[in-house]
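This report goes through backbone geometry, pockets, salt bridges and nonpolar packing, in that order. Please keep the structure open alongside the text while reading.

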Amino acid sequence: MSELPATNPGTLSESLMRFGLPLVDPADESRVQKYCEALWRENQSLNLTRHLDYDTIVARDLNDVLQVSRLIQPGKRLLDIGSGGGVPGVLLAILRPDLKITLCESMAKKARVLESIVRELELTCRICHQRAEDLLAVERFDVCVARAVGPLWKICNWFQGRWRSMGQLLAFKGSRWEEELTEARRYPSFNEVKIRVALEYPMLGTESTAYIVKLWAKGAPEPK
């Protein structure tokens, strides 16, 4: 399959159909489009995303969110670590209103943008302007999600001593995730966790495979 085009002047509906990802609820499609418009508007003054057309949003961002959604049970308390422009947290809030979502972003400017987008879309998720490891020192979540925040060794170091506060962490990874795992094993912090691939799926528009890796506290039963 060929690479995604750099730009696509088409519509969100066309991109959803092109990649075989039609949304069940038409209202969700409208909210996703409104999110894209808000994201791209804010991106003009603050670097939030390189995904500047509907094809890339659908094939990269929305596909990731739909895949991880399959792994999250209803009604869970969820923390999006390093929310940035709102993927996966804002899209999950649109598609999974049953979840109790907190968006955690340490950069003040990005946190303010998230507040603006969440308010514009009338979503109920909470925004925390702080580092996730500090939040996890005082709060517990059922599920944490992490996308494009750093390699596995950094994740293990950041959350050393915090694994009992997060239930499980679902990290999005690419085809080199096993190399990250080998590197992470060199650090003492890795001894605190269990890890396995929870899901693998095609990275749409490419020949590559994407992975969602599950981490949880060693000694605890594997979270469902």
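Helices and strands are DSSP runs, of at least four residues (H or I) and at least two residues (E) respectively, and they are numbered from the N terminus. The model is predicted.

## Backbone geometry

Most residues other than glycine have a negative phi, and most peptide bonds are trans. Against that background, the peptide bond from V87 to P88 is cis, with omega near 10°, and P88 is placed in the loop that runs between β1 (77-81) and α4 (89-95).

Two residues that are not glycines have a positive phi. E122, in the loop between α5 (108-121) and β3 (126-128), has a phi of about 55°, and its relative accessible area of 71% makes E122 exposed. A148, for its part, is found in the loop between β4 (143-146) and α7 (152-158), where its phi is about 60°; A148 is likewise exposed, with a relative accessible area of 78%.

## The largest pocket

The largest pocket has a volume of about 1,100 Å³. Of the 47 residues that line the largest pocket, G82, V87, R147, A148 and V149 are the closest to its centre. V87 is also the residue from which the cis peptide bond to P88 starts, and A148 is also a residue with a positive phi.

Which helix supplies the largest share of the lining of the largest pocket? That share comes from α3, with five residues. At least two lining residues each are supplied by several other elements, among them the helices α2 (26-43), α6 (132-135) and α8 (177-184) and the strands β5 (168-173), β6 (193-202) and β7 (209-217). Divided by class, the lining of the largest pocket has 21 nonpolar, 14 polar and twelve charged residues.

## The second largest pocket

The second largest pocket has a volume of about 180 Å³. It is lined by 13 residues, of which R140, D142, G167, Q168 and P223 are the closest to its centre. In this lining, six residues are nonpolar, two are polar and five are charged.

## Salt bridges

A search of the whole structure finds 14 salt bridges. One of them joins the side chains of D55 and R18, with a distance of 2.6 Å from N to O. Because D55 lies in helix α3 and R18 in helix α1 (residues 12-18), the pair ties together parts that are 37 residues apart in sequence. The two partners are placed differently with respect to the surface, since D55 is buried at a relative accessible area of 3%, whereas R18 counts as partly exposed at 45%.

R147 forms a salt bridge with D61, and the closest N and O atoms of this pair are 2.8 Å apart. With R147 in the loop between β4 and α7 and D61 in helix α3, the pair ties together parts that are 86 residues apart in sequence. R147 is buried, with a relative accessible area of 16%, and D61 also counts as buried, at 2% relative accessibility. A network of salt bridges links D61 and R147 with D64.

In another salt bridge, R196 pairs with E222, the closest N and O atoms being 2.4 Å apart. R196 lies in strand β6 and E222 in the segment after β7, so this pair ties together parts that are 26 residues apart in sequence. Both residues are partly exposed, R196 with a relative accessible area of 34% and E222 with one of 28%.

## Nonpolar cores

Which residues have the most contacts inside the largest nonpolar core? They are Y35, V90 and I94, in a core of 50 residues. The largest share of this core, seven residues, comes from α3, the helix that also supplies the largest share of the lining of the largest pocket.

Leaving aside residues up to four places away in sequence, Y35 touches G85, G86, V87, V90, L91, I94, I117 and L121. The contacts of Y35 thus include V90 and I94, as well as V87, a residue among the closest to the centre of the largest pocket. A second, separate core has 27 residues, including M166, L169, A184 and L215.

Conventions: Residues are numbered from 1 along each chain as its sequence is written. This is a predicted model: local features need pLDDT of at least 70, side-chain atom pairs count only at pLDDT 80 or more; totals for chains, interfaces and linings use all residues. Side-chain values use heavy atoms; hydrogens and water are left out. Buried means under 20% relative accessible area, exposed over 50%, partly exposed in between (1.4 Å probe, protein chains only). On a 1 Å grid over the protein atoms alone, a cavity is a set of points where a 1.4 Å probe fits but cannot get out, and a pocket is an open set with protein on both sides within 12 Å along at least five of seven lines; lining residues have an atom within 4 Å of a point. Grid points are joined across faces, edges and corners, and a volume is the space filled by probe spheres set on the points. Ala, Val, Leu, Ile, Met, Phe, Trp, Tyr, Cys and Pro count as nonpolar, Asp, Glu, Lys and Arg as charged, and the others, Gly among them, as polar. A salt bridge is a side-chain nitrogen of Lys or Arg within 4 Å of a carboxyl oxygen of Asp or Glu. A nonpolar core is a set of buried Ala, Val, Leu, Ile, Met, Phe, Trp, Tyr and Cys residues joined through side-chain atoms within 4.5 Å. Contact means heavy atoms within 4.5 Å.
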